[in-house]
Amino acid sequence: MKTRIGVFFGGRSTEHEISVISASQAMHAINREKYEVIPVYITKQGHYYSGDALFDVANYRDVPALLARCQEVYMRPIYGDYNIYKVKKPIFGTDVYATLDVVIPVLHGSNVEDGIFEGLLQTIGIPYAGCDVLASANGMDKITMKMILQANGVPVVDYTWFTDREWSAKRDDIISSIESRLGYPVIVKPANLGSSVGIGRARNREQLIGRINDAGRYSARLIVEHMVDDLQEINCSVLGDCDEYQASVLEEPIKSGEILSYTDKYMGGTKGAKGMQSAQKRIPAELPAEVTRRIQFLAGETFRVLSCHGVSRIDFILDRSCGEIYVNEINTIPGSLSFYLWEATGIPFDSLMDRLVALALKRKRQQGKKTVSYDQNIFSLGGGLKGGKIK
């Protein structure tokens with residue numbers, strides 16, 4: 001029998017459409033002679049659907065019509081139950097829609113890439129590709145990520161952070177702290193979003209207030225970073241697990257403005273979005289060999305100290321005025337799964353998907369060797385109980 005891969009995508013996220021594009025690319029790259037692919041689309045309202053119509057990205061132009069051609073499904077949060085069930089149970093026959101062997105999440109952004117969906121998969125115990133709950137949560141939150149990297153000697157730009165409530169209550173103090181600690185220009189970001197959503201640059205106090213107010217629309221935790229003026233943005237993908245991994249060739253994204261925007265990343269300057277591979281870029285990036293090696297090393301270190309798994313993309317800032325290199329952020333499920341970087345490294349897209357399946361199954365085998373509970377029942381032995389209270 002073919003290995004049955006459930007590809008999950010969409011979700012309650014500002015990066016919903018990008019997830020659909022990435023998943024479409026991934027599903028078409030999977031070798032159908034080896035695998036059976038079951039697409040599972042999560043709507044913006046959090047409902048799950050499956051069906052062959054989900055393979056064609058053009059169908060998402062009319063989502064209600066698309067869903068009418070699909071089966072609404074769900075998963076039970078029961079350990080060892082790898083089935084997808086029909087929401088509308090038939091009068092006769094089984095309510096099992098499909099049984100999965102492995103899951104590949106192709107989900108971007110908050111509510112899906114931040115460990116929430118991974119928690120469901122770990123509760124069920126099904127093998128899945130990509131970062132676990134801990135690595136996903138730490139990688140998604142820019143504040144926590146920078147704290148971990150700093151503690152492990154990985155360079156990041158100077159920053160400060162606060163909550164939206166702190167901003168409302170102590171606005172003047174926060175502004176004074178930013179101006180004295182970081183100065184201008186700065187860049188303001190929601191702590192837990194990607195795809196450049198809610199991100200803006202500020203060169204003065206008026207712009208700073210506007211940017212923070214905008215970022216607060218998307219996240220309760222906000223981060224303000226020193227903005228490198230003469231910067232060069234470089235990206236590197238890493239594949240494997242935190243004990244054994246490899247870095248890809250480097251890319252230099254080409255931006256149309258001061259920061260790499262959502263349009264730069266996904267629209268490719270055209271009306272038709274095709275995912276991250278449509279963005280303007282140089283592959284490989286034109287850098288001295290020693291700089292390339294340093295960035296690849298730091299990408300691997302970022303992947304390692306965050307305990308990542310599967311394929312990630314680490315984005316860097318190179319300060320051309322002094323040559324300093326900083327980790328900007330990690331994408332634990334990168335747009336288009338960074339397949340274009342791996343093709344340039346010598347790993348075709350179908351082979352990349354093979355690697356992700358193999359990594360998922362390997363982790364499941366390793367986890368099976370760990371003790372998670374004891375067979376002995378202390379209650380049957382009368383231990384620890386007295387008067388109905390646990391001592």
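**Exercise 1. Surroundings of Glu-329**

Leaving aside neighbours within four places in sequence, determine which residues Glu-329 is in contact with in this predicted model, and decide whether Glu-329 counts as buried or exposed.

Solution.
- Locate the residue: Glu-329 belongs to strand β16, which covers residues 325–331.
- List the contacts, with neighbours within four places in sequence set aside: Lys-142, Met-145, Arg-313, Ile-314 and Asp-315.
- Read off the relative accessibility, which is 8%. Buried means under 20%, so Glu-329 counts as buried.

**Exercise 2. The contact of α4 with α5**

Find the angle at which helix α4 and helix α5 pack, and classify the arrangement.

Solution.
- Take the two elements: α4 spans residues 133–140 and α5 spans residues 142–151.
- Their axes lie 5 Å apart and make an angle of about 100 degrees.
- Angles of 65 to 115 degrees count as roughly perpendicular, so α4 is roughly perpendicular to α5.
- Identify the residues that meet: Asn-138, Gly-139 and Met-140 on the α4 side, and Lys-142, Thr-144, Met-145 and Ile-148 on the α5 side.
- Sort the contact by class: 3 residues are nonpolar, 3 polar and 1 charged.
- Link to Exercise 1: Lys-142 and Met-145 in α5 are also among the contacts of Glu-329.

**Exercise 3. Strand order and edges**

Give the order of the 7 strands in the open sheet, and explain why one side of β6 and one side of β7 are left without a neighbour in the sheet.

Solution.
- The order is β6-β5-β4-β3-β2-β1-β7, and the pairing is mixed.
- β6 (96–99) and β7 (102–106) stand at the edges with a single partner strand each, so each has one side without a neighbour in the sheet.
- From one strand to the next, the twist averages 35 degrees.
- For the parallel sense, take β1 (residues 3–10) and β7, which pair over 5 bridges. Here Phe-8 stands opposite Pro-105 in β7.
- For the antiparallel sense, take β3 and β4 (residues 71–74), joined over 3 bridges; Tyr-48 has Val-73 in β4 as its bridge partner.
- β4 also runs antiparallel to β5 (residues 83–86), with 2 bridges between them, and Tyr-74 stands opposite Tyr-85 in β5.

**Exercise 4. Helices across the sheet**

State which strands helix α1 and helix α3 lie across.

Solution.
- α1 (residues 16–29) lies across β1, β2 (35–42) and β7, at about 155 degrees to β1.
- α3 (residues 116–124) lies across β1, β2, β3 (48–50) and β7, at about 175 degrees to β7.
- Angles over 145 degrees count as roughly antiparallel, so this term applies to α1 against β1 and to α3 against β7.

Terms used: Residues are numbered from 1 along each chain as its sequence is written. This is a predicted model: local features need pLDDT of at least 70, side-chain atom pairs count only at pLDDT 80 or more; totals for chains, interfaces and linings use all residues. Side-chain values use heavy atoms; hydrogens and water are left out. Two strands pair if DSSP finds at least two bridges between them. Helices (H or I, at least four residues) and strands (E, at least two) are DSSP runs, numbered from the N terminus. Axes are lines fitted to C-alpha atoms, for helices over the stretch in contact, and angles run from 0 to 180 degrees between N-to-C directions. Contact means heavy atoms within 4.5 Å. Angles under 35 degrees count as roughly parallel, over 145 as roughly antiparallel, 65 to 115 as roughly perpendicular and the rest as oblique. Ala, Val, Leu, Ile, Met, Phe, Trp, Tyr, Cys and Pro count as nonpolar, Asp, Glu, Lys and Arg as charged, and the others, Gly among them, as polar. Buried means under 20% relative accessible area, exposed over 50%, partly exposed in between (1.4 Å probe, protein chains only).
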